[in-house]
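Colleague: I would like a close look at one part of this model, and I would rather have a single connected account than a list. Please go slowly, and say what each term means when you use it.

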Amino acid sequence: MTAGTPVPVVLAGARGHGRWHVANIRRLQEQGLVRLAGICELTPLTEDEFGGELPEQSADFGALLESTGARIAVICTPIPTHTDLALAAAGRGVHILLEKPPAPSYAEYRRMADGVAAAGVACQIGFQSLGSHAVPAIRAMVEEGAVGRVAGIGGAGAWVRPEEYFRRAPWAGRRRLNGVDVVDGALTNPLAHAVATALALGDSTRAEDVAGIETELLRANDIESDDTSCVRITTARGGSVTVAATLCAERADEPYVLVHGTTGRITFWYKQDRVLLQRADHGPEETRFDRTDLLENLVAHLTDGTPLLVPPDETGAFMQVVEAIRRAPDPVPLPDGAWRHVPGENRRVVPGVDGLVAAAADTLSLYSELGASWALPAHHLPKEVSTR
């Protein structure tokens, strides 16, 4: 691919979160890096909806890739469609930016990753937080012993979502739909970045880096998937990564990942690229980092060989977590007294969950271990986690 020539891009899924991709593609288009050559939507966009003159549109993804001469496909479609669309692009020699989570099951993820590798195309998984320059910086701090020996890594995500959020699409709030895995849920979709980023800071991103997984999956909303959950991952090197999340917080807060050391701690607010280093005999040090956009990184990879930031194999550990959640018993509905409805906001709140989420990240404990009256003991998967 020749440097200086805009790379033609097709976007599959331009509504919902796809609107963010439209804006990002436009930004890179203004820099002369890419050109939006086509949009794949089952229902075509109008010019008013798109906010300008539309590129070619089609509901037939493969035909659109061929007619536009696309070199990159950005796939932002329902989770169960990811693997087939990625393989459709790969089969035509088109490189891929695939929205997270990459697949609803480990088997589908492997089918996608193996098929992409066999086709010889580049694939980037859309964990934008892993483009933050804070990730390698924190890894370097840890390696230099800034906080002593790492005792574990915590993650916390306390968000609020109205009940309409779970009705925004047929697959929202579902574990399966029409007999097909979806595995939507707090840890696998909206707060998936907390899990993936915690694993990255623990240098445990590949499938074989996971030795065991414990899950506690609960729900306050009238849905199939979890909206209040936690997971503890035992890594192959013996480390512990615990992430707690809720979509039923009393107030929304910035999600973060916390590296616990024997002589200090590092807090990373990953949406803000903000890092706080606290250590013995030093004042607190806060730093903001830049971030490399993942589509921009994919273009650089194709034009000058820049390494990909998030290739599929670097999301294998995250997909082990998705698989553990898929295989776990269905989320347990919280008793009526454990949640309340917020008047005027049409959302459900679990009183005290904000503090529990923070305490889980702080102590590397699960909800049941923190004494939450509504939490059941963890569901354990076998320690021998399959990586095939």
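In strand 11, which residue is the bridge partner of Ile-213?

Modeller: The bridge partner of Ile-213 in strand 11 is Ile-233. Before I build on that, please keep in mind that this is a predicted model, in which local features need pLDDT of at least 70 and side-chain atom pairs count only at pLDDT 80 or more, whereas totals for chains, interfaces and linings use all residues. Residues are numbered from 1 along each chain as its sequence is written, and side-chain values use heavy atoms, with hydrogens and water left out.

The bridge between Ile-213 and Ile-233 belongs to the pairing of strand 10 (residues 210-219) with strand 11, where the two strands run antiparallel and are joined by eight bridges. Strands here are DSSP runs of E with at least two residues, helices are runs of H or I with at least four, and both are numbered from the N terminus; two strands pair if DSSP finds at least two bridges between them. Strand 11 also pairs with strand 12, again in the antiparallel sense, through seven bridges. Here Cys-230 stands opposite Ala-244 of strand 12. Strand 11 and strand 12 make a hairpin with four residues between the strands, and in this hairpin Gly-238 takes a positive phi near 95°.

Strand 11 is mostly covered, since seven of its eight residues are buried, where buried means under 20% relative accessible area, exposed means over 50% and partly exposed lies in between (1.4 Å probe, protein chains only). Helix 10 (residues 353-363) takes part in the packing here: its buried residues are Val-353, Asp-354, Leu-356, Val-357, Ala-360 and Ala-361, and they pack against strand 7 (150-158), strand 11 (228-235), strand 12 (240-246) and strand 13, with contact meaning heavy atoms within 4.5 Å. An α-helix has 3.6 residues a turn, so residues three or four places apart point the same way. Just after helix 10, Leu-364 takes a positive phi of about 60°.

Strand 13, which is among the strands that helix 10 packs against, leads on to the aromatic residues. A search of the whole structure finds five aromatic pairs, counted when rings of Phe, Tyr and Trp (its six-membered ring) have centres within 6.5 Å, with planes under 30 degrees apart called stacked, over 60 edge-to-face and the rest tilted. In one of them, the rings of Tyr-256 and Trp-269 have their centres 6.5 Å apart and their planes at 55°, so the pair is tilted. Tyr-256 lies in strand 13 (residues 256-261) and Trp-269 in strand 14 (residues 264-269), so the pair ties together parts that are 13 residues apart in sequence. Tyr-256 and Trp-269 are both buried. The ring of Trp-269 also has the charged end of Arg-274 over it, 3.9 Å from its centre; a charge sits over a ring if NZ of Lys or CZ of Arg is within 6 Å of the ring centre and within 35 degrees of the ring normal.

Another of the five pairs offers a useful counterpart. The rings of Tyr-165 and Phe-166 have their centres 5.1 Å apart and their planes at 85°, so the pair is edge-to-face. Tyr-165 and Phe-166 are both buried, and Arg-161 lies over the face of Tyr-165, at 5.3 Å from the ring centre.

Finally, let us return to the sequence leading up to strand 10, where a charged side chain reaches a distant loop. Asp-313 and Arg-206 meet through their side chains in a salt bridge (3.8 Å, N to O), which is to say that a side-chain nitrogen of Lys or Arg lies within 4 Å of a carboxyl oxygen of Asp or Glu. Asp-313 lies in the loop between helix 8 (294-304) and helix 9 (316-327), and Arg-206 in the loop between helix 7 (192-201) and strand 10, so the pair ties together parts that are 107 residues apart in sequence. Asp-313 counts as partly exposed because its relative accessibility is 34%, and Arg-206 counts as partly exposed because its relative accessibility is 32%. Arg-206 and Asp-313 also belong to a network of salt bridges that links them with Arg-110, Asp-114, Glu-208 and Glu-314, and the structure holds 27 salt bridges.
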